[in-house]
Amino acid sequence: MTTAQTPQTSPSTASLAFLKGHGTENDFVIVPDPDGVIDLPAATVARICDRRAGIGGDGLLRVVRTAAHPEARSMADEAEWFMDYRNADGSIAEMCGNGVRVFARYLEHSGLATAGDVPIATRSGVKQVHIAKDASGSASAAGDITVAMGRALLPEDGVTVTVGGRSWPARNVNMGNPHAVAFVEDLDHAGSLFSEPAFAPASVYPDGVNVEFVADRGPRHVAMRVHERGAAETRSCGTGACAVAVAAARRDGVDPAAAGEPVTYTVDVLGGTLVITEHPDGEIEMTGPAVIVAEGRIDPALLDPS
């Protein structure tokens, strides 16, 4: 995992503009910082994302021009905007599928992008995003957003996850971030998911892992719960839904590369529904909603309580 460079300016002496958005109830605090000058240490991010003493969120999206961020400058010719994504505990993550959709909605909401195709730089590369148009040809706040999520890697490491004395074999899937996908008879078997489920061997995921528990709902239709690394259980996880769809397809004996045609799975999350399509070339597309629900300013005391 890459460590972010520290920007030049601390926000602690002035209020900070923010927006709040969610994708299938995976919610994020959005901080516009086009010039990349705001310093957001892990402790500050954690205070902002605190659901009792802060704004609350599963993560934070800092909106930075790609050319202004040292980790993203190499992608400046491909995408104007970089999603600097932080987990709720302040740690840095490579990618967040729901976060990318919310990030794209913010760009459209703020007049920085229009309906249609929008490239967005992330720590796992440039993601191609499509903002759906309404009948007039404009973006619709209620319309779906589709993200090209890249290809899944399927390491052959054997993994087991354990909750409350129950253990299941899990499929190791990497979507730019690591996932362990376990199929269960009942989603309640996953317990509270407040704490990270135990997994073995630990060497497979040296930096931790997102763990998905999956139950069947019908043909090519599953439901999932997820413990997100750095955020506990969340209402949705976009990369997790992609990992689940791929794992379910392989379990069902379906491989688009071999069949020569795409396969689509409907994935129910606690906060709604995502539609995941894997194409014969391995590219995975995720479609779902993204909504901006509020905007305002963060009090300086929250940014620097000392």
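Does Tyr85 count as buried or exposed, and at what relative accessibility? In this predicted model, Tyr85 has a relative accessibility of 3% and therefore counts as buried, the limit being under 20%.

## Aromatic pairs

Tyr85 takes part in an aromatic pair with Phe28: the ring centres are 6.0 Å apart and the planes stand at 70 degrees, so the arrangement is edge-to-face. The pair joins distant parts of the chain, since Phe28 belongs to strand β2 and Tyr85 to strand β4, with their positions 57 residues apart. Phe28 is buried as well, with a relative accessible area of 0%.

A further edge-to-face pair consists of Phe199 and Tyr205, whose ring centres are 5.4 Å apart and whose planes meet at 80 degrees. Phe199 is buried at a relative accessible area of 18%, and Tyr205 is buried at 5%. The count of aromatic pairs comes to three.

## Nonpolar cores

The largest nonpolar core contains 53 residues, and the members that touch the most others are Leu107, Ile120, Met224, Val267 and Ile276. Helix α3, spanning residues 238-251, supplies the largest share of this core, with nine residues. In soluble globular proteins, nonpolar side chains tend to be buried together.

Leu107 illustrates these contacts. Leaving aside residues up to four places away in sequence, Leu107 touches Val63, Trp81, Leu112, Ala113, Val118 and Ile120. A second core, separate from the largest one, has 19 residues, among them Ala182, Tyr205, Val211 and Ala223. Tyr205 is thus a member of this second core and also a partner of Phe199 in an edge-to-face pair.

## The buried side of helix α1

Helix α1 covers residues 42-49, and its buried residues are Thr44, Val45, Ile48 and Cys49. These residues lie on the same side of α1, because they cover an arc of only 130 degrees around the axis. An α-helix has 3.6 residues a turn, so residues three or four places apart point the same way.

What do the buried residues of α1 pack against? Their partners are the strands β2 (26-32), β3 (59-65), β4 (81-87) and β18 (291-298), together with helix α5 (300-303). Strands β2 and β4 are also the elements that hold Phe28 and Tyr85, respectively.

## Salt bridges

The whole structure contains 19 salt bridges. One of them connects Glu71 and Arg123, with the closest N and O atoms 3.0 Å apart. This pair links distant parts of the chain: Glu71 lies in the loop between β3 and β4, whereas Arg123 lies in the loop between β5 (116-122) and β6 (125-131), 52 residues apart. Both Glu71 and Arg123 are buried. Another salt bridge joins the side chains of Asp84 and Arg86, at 2.9 Å from N to O, and both of these residues are buried too. These four residues belong to a network of salt bridges that also includes Asp33 and Arg62.

The side chains of Asp252 and Arg251 form a salt bridge as well, at 3.0 Å from N to O. Here the setting is a partly exposed one: Asp252 has 37% relative accessibility, and Arg251 likewise has 37%. Arg251 has a further partner, for it lies over the face of Phe183 at 4.4 Å from the ring centre.

How values were computed: Residues are numbered from 1 along each chain as its sequence is written. Side-chain values use heavy atoms; hydrogens and water are left out. A nonpolar core is a set of buried Ala, Val, Leu, Ile, Met, Phe, Trp, Tyr and Cys residues joined through side-chain atoms within 4.5 Å. Buried means under 20% relative accessible area, exposed over 50%, partly exposed in between (1.4 Å probe, protein chains only). Helices (H or I, at least four residues) and strands (E, at least two) are DSSP runs, numbered from the N terminus. Contact means heavy atoms within 4.5 Å. The arc is that of the directions from the helix axis to the C-beta atoms. Rings of Phe, Tyr and Trp (its six-membered ring) pair if their centres lie within 6.5 Å; planes under 30 degrees apart count as stacked, over 60 as edge-to-face and the rest as tilted. A charge sits over a ring if NZ of Lys or CZ of Arg is within 6 Å of the ring centre and within 35 degrees of the ring normal.
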